[in-house]
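Please take a moment to look over the sequence and the model together before reading on. The paragraphs below are meant to be read with both in view.

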Amino acid sequence: MGRAAGAGGREAARLSDILGGQPSDASLLAEIYDLEHDAIDEDLAFYREIARLHPGPAIDLGCGSGRLFGPLLDGGATRVVGIDGSPSLLGRGEVRIEADARLREARADGRIELAVGDVRRVRHHDRFALAIMAGVLAHLEGPEDALRALASSRRLLSRDGVLVVDTLGPGAMPPHDLPLSLDWEHADGGRRVVRRSQLERRETPEGLRVAYATLTDVVRTDGTIARLPASFRLWYPSPAALVALAAEAELTVESVFGSHDLDPIDEESERCVVVARPTRADPGKE
Ligand SMILES: C[S@@+](CC[C@H](N)C(=O)[O-])C[C@H]1O[C@@H](n2cnc3c(N)ncnc32)[C@H](O)[C@@H]1O
């Protein structure tokens, strides 16, 4: 794993490791995270295409286990830097790279770099044609942290670089609280994985706040069960609030899409995908 990128002290490291603070085995949680997130593939063509449109190095902020690395390289990214606050998820990223010949080759050629870092204060010596924050905003505390993350992403961009911020849209917001319910069951090798979750929502002036708790049972072949409780505080700004934060971070929003198929955003949209450029070049960075 690469060196720490912009490590902001013990407190910041703790806050940005979404799995490390849980009362469960972080590496097993990370494995289950992969099982769940690798099933998401409807956005991969979008990321391939955005990398094609913005050739050059790309930085994946809050990259998790590197789900987007392949599409970014396939799209023509000359290099991919993956930053995440969770060492366990970056560890899964290493597993992903090892398991995939084209990622392994890219890594061997120095075209993939992974580093522990906090998106609210990440720094890097390179400038990027493309910066991505996919599914990350919801994990930040709220507008102040989002502003920090947007401003620090802007500083990573080259003069013509673009930032893509990808989060849930208005149509995907939970309409009411959900009691503990069964989400999914999955056979994984000899194991069976059962996921239950519950959520409580709260409308606030700064957006929807969701307290989301999951209970994952990993039923081993010998019948023993590893029970993994985890809880997350999620935050979803409205598209208008996100655009206003981007402007405050000195980003000019070019487009806001309501899907990865580039549909215009409306109240029914499942996604909110913001594409923005630096409003002006940072002094001394050209
Ligand atoms: C839902 S996952 C999305 C992962 C990946 N972007 C994807 O689309 O598959 C959110 C990721 O953001 C990371 N994260 C949350 N807050 C962070 C922070 N402050 N700094 C760095 N990473 C953070 C989490 O560790 C997690 O990997």
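What follows is a walk through a few places in this model, beginning with the ligand and ending with two loop residues. The model is a predicted one, and the distances given here should be read with that in mind.

The ligand is a convenient place to begin. There are 21 residues around the ligand, and those that come nearest are Gly-62, Arg-67, Asp-84, Val-119 and Ala-134. Sorted by character, the residues of this shell divide into eight nonpolar, nine polar and four charged. Some of the surroundings can be described atom by atom: a backbone N or O atom of Gly-62 is placed 2.7 Å from a nitrogen atom of the ligand, while an N or O atom in the side chain of Asp-84 is 2.6 Å from an oxygen atom of the ligand. Asp-118 also takes part, with a polar side-chain atom that lies 3.1 Å from a nitrogen atom of the ligand. Taken on its own, the ligand has 600 Å² of accessible area, and the protein covers 95% of that area.

From the ligand we may turn to helix α7, which comprises residues 143-156. How far apart should the ends of a helix with 14 residues be, at 1.5 Å a residue? The expected span is 20 Å, because the rise is counted over one less than the number of residues, and the end C-alpha atoms of α7 are indeed 20 Å apart, so the model agrees with the expectation. The buried residues of α7 include Asp-145, Ala-146, Leu-150, Arg-154 and Leu-156. Ser-153 also belongs to this helix, and Ser-153 counts as buried because its relative accessible area is 0%, the cut-off for buried being under 20%. The side chain of Ser-153 reaches back to the backbone oxygen of Ala-149 at 2.6 Å, and, when neighbours within four places in sequence are left aside, Ser-153 is in contact with Leu-61, Met-133 and Leu-163.

The strands offer another pair of residues to examine. Arg-195 lies in strand β7, residues 191-204, and is buried, with a relative accessible area of 5%. What does the side chain of Arg-195 meet through polar contacts? One partner is the side chain of Glu-36, at 3.0 Å, and another is the side chain of Thr-216, at 2.9 Å. Beyond its neighbours within four places in sequence, Arg-195 is in contact with residues among which are Ile-32, Ser-181, Trp-184 and Tyr-212.

Asp-188, in turn, is placed in strand β6, residues 178-188, and counts as partly exposed because its relative accessibility is 23%. The side chains of Asp-188 and Arg-191 are joined by a polar contact of 2.5 Å, and, not counting residues up to four places away in sequence, Asp-188 touches Leu-35 and Val-193. Leu-53, by contrast, is 135 residues from Asp-188 in sequence and 37 Å from it in space, C-alpha to C-alpha.

Two loop residues close the tour. Glu-250, in the loop between α8 and β10, has a positive phi of about 60° although it is not a glycine, and Glu-250 is partly exposed, with a relative accessible area of 28%. Leu-262 is found in the loop between β10 and β11, where its phi is positive at about 70° although Leu-262 is not a glycine; at 45% relative accessibility, Leu-262 counts as partly exposed.

Notes:
Residues are numbered from 1 along each chain as its sequence is written. This is a predicted model: local features need pLDDT of at least 70, side-chain atom pairs count only at pLDDT 80 or more; totals for chains, interfaces and linings use all residues. Side-chain values use heavy atoms; hydrogens and water are left out. Helices (H or I, at least four residues) and strands (E, at least two) are DSSP runs, numbered from the N terminus. Buried means under 20% relative accessible area, exposed over 50%, partly exposed in between (1.4 Å probe, protein chains only). Contact means heavy atoms within 4.5 Å. A polar contact is a pair of N or O atoms within 3.5 Å; within protein, one must be able to donate a hydrogen and the other to accept it, and residues adjacent in sequence count only if both atoms are side-chain atoms. A residue is near a molecule or strand if one of its heavy atoms lies within 4 Å of it. Accessible areas come from the Shrake-Rupley method with a 1.4 Å probe; for residues, only the protein chains shown count as cover. Ala, Val, Leu, Ile, Met, Phe, Trp, Tyr, Cys and Pro count as nonpolar, Asp, Glu, Lys and Arg as charged, and the others, Gly among them, as polar.
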